[in-house]
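Dear colleague,

I am handing over the structure we spoke about, and it is shown just below. After it I have set out what was found, grouped by region, so that you can follow the text with the model open.

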Amino acid sequence: MKADRVRWNQKYQDESHPLEPSNVVKRFFRMAKKGRALDLACGNGRNALFLVGKGFTVDAVDISDIGLHSIPRRSEGLNLICADLDDYDIPQEKFDLIINIRHLNRRLFPYILEGLAPGGILIFETYLEEKGKKSKKISCRDHLLRSNELLHSFLPLQILYYIEKREKGGAAIASLVGVRPK
Ligand SMILES: C[S@@+](CC[C@H](N)C(=O)[O-])C[C@H]1O[C@@H](n2cnc3c(N)ncnc32)[C@H](O)[C@@H]1O
């Protein structure tokens, strides 16, 4: 939605964001066949660039044009797509790897499942709602997973890894890695 673009453009203008790829991506990307990858809500491209460096061709989607423009180098295997994931169509059975890091849009769940090629890998990690630390704003809670929600949502996959944990000095997160059966 348009408000997301305004909010995130402001954030990318005002704040610095990590350039180091996510640990969960570094740890599990090798499970995917080196082929086509999709990075949903790619932000400054830290994970997309990492995957391009590892030989993947990456479609990297984000609503923030400022975030996308901050991507330090253009690369042949990187296809930057400025789009709103509220109405973005994920092509079916196209991707050997889909990553969704630190973003939650439940509308996408069935399309993510369909977007994976048989044998394709999903790496999904984002924030969990914490008991006793509830945000009063429903709009904020919309962006937080409930306990076990991620696991239940992707049960059509063969689940290779699932964890809910608190990051060192940080927020509670859930991480899932799954494979679409062939
Ligand atoms: C916390 S950042 C995570 C970025 C990246 N995945 C990472 O791990 O560095 C969340 C990202 O979601 C993007 N985003 C928020 N709402 C969106 C929407 N409706 N459509 C597409 N991207 C959106 C923001 O622009 C932002 O880059």
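I begin with the hairpin of β6 and β7, where 5 residues lie between the strands and where G169 takes a positive phi near 65°. Please keep in mind throughout that this is a predicted model. The two strands of the hairpin run antiparallel, and 8 bridges join β6 to β7, the latter spanning residues 172-179. Two of the residue pairs may help you to find the register: I159 has G178 as its bridge partner in β7, while the bridge partner of K165 in β7 is I173.

The hairpin belongs to a wider sheet. This sheet is open, has 7 strands with mixed pairing, and follows the order β3-β2-β1-β4-β5-β7-β6. Because β3 (78-82) and β6 (158-166) each have a single partner strand, they stand at the edges, and one side of each is left without a neighbour in the sheet. On average, and with direction ignored, neighbouring strands of this sheet are turned by 10° against each other.

Next comes the helix that lies across part of this sheet. Helix α3, residues 46-53, lies across β1 (36-40), β2 (57-62), β3 and β4 (95-101), and it runs at about 155° to β4. How many residues of α3 are buried? The count is 7 of the 8, so the helix is largely enclosed by the rest of the structure. The buried residues are R46, N47, A48, L49, F50, L51 and V52, and they pack against α2 as well as against β1, β2, β3 and β4. Just after the helix, G55 takes a positive phi of about 100°.

On the other side of α3 in sequence, N44 has its place in the loop between β1 and α3. Its relative accessibility is 8%, and because buried means under 20%, N44 counts as buried. A polar atom of the N44 side chain lies 3.1 Å from the backbone nitrogen of R46, which is itself one of the buried residues of α3. Leaving aside its neighbours within four places in sequence, N44 is in contact with Y12, H17, P18, L19, G67, S70, I71 and P72.

I turn now to the aromatic residues, for which a search of the whole structure finds 7 pairs. One of them is formed by F28 and Y161, whose ring centres are 4.7 Å apart and whose planes meet at 40°, so the pair is tilted. This pair links distant parts of the chain, since F28 is in helix α2 (residues 23-28) and Y161 is in strand β6, 133 residues apart. Are these two residues buried or exposed? F28 is buried, with a relative accessible area of 9%, and Y161, at 17% relative accessibility, counts as buried too.

Another tilted pair is made by F109 and F154, with 5.0 Å from centre to centre and 55° between the planes. Here too distant parts of the chain are linked, with F109 in helix α5 (residues 109-115) and F154 in the loop between α7 (149-153) and β6, 45 residues apart. Both F109 and F154 are buried. In addition, F29, F50 and F56 form one aromatic cluster, and F50 is among the buried residues of α3. A ring also takes part in an arrangement with a charged residue, in that K11 lies over the face of W8, at 5.2 Å from the ring centre.

The last site I would point out is K94, which has its place in the loop between β3 and β4. With a relative accessibility of 28%, K94 counts as partly exposed. Its side chain makes a polar contact with the side chain of D59, at 3.4 Å. K94 and G115 are 21 residues apart in sequence, while their C-alpha atoms are 5.7 Å apart in space. With neighbours within four places in sequence left aside, K94 is in contact with R36, D59, G115, L116 and A117.

With best wishes

Key
Residues numbered from 1 in each chain as written. Predicted model: local features only at pLDDT ≥ 70, side-chain atom pairs only at ≥ 80, totals over all residues. Heavy atoms only, no water. Pairing = 2+ DSSP bridges. Helix = DSSP H or I, 4+ residues; strand = E, 2+ residues; numbered from the N terminus. Axes fitted to C-alpha atoms, helices over the stretch in contact; angles between N-to-C directions. Contact = heavy atoms within 4.5 Å. Phe/Tyr/Trp six-rings, centres within 6.5 Å; stacked < 30°, edge-to-face > 60°. Buried < 20%, exposed > 50% of the residue type's maximum accessible area, 1.4 Å probe, protein only. Lys NZ or Arg CZ within 6 Å of the ring centre and 35° of its normal. Polar contact = N/O pair within 3.5 Å; in protein donor to acceptor, adjacent residues only side chain to side chain.
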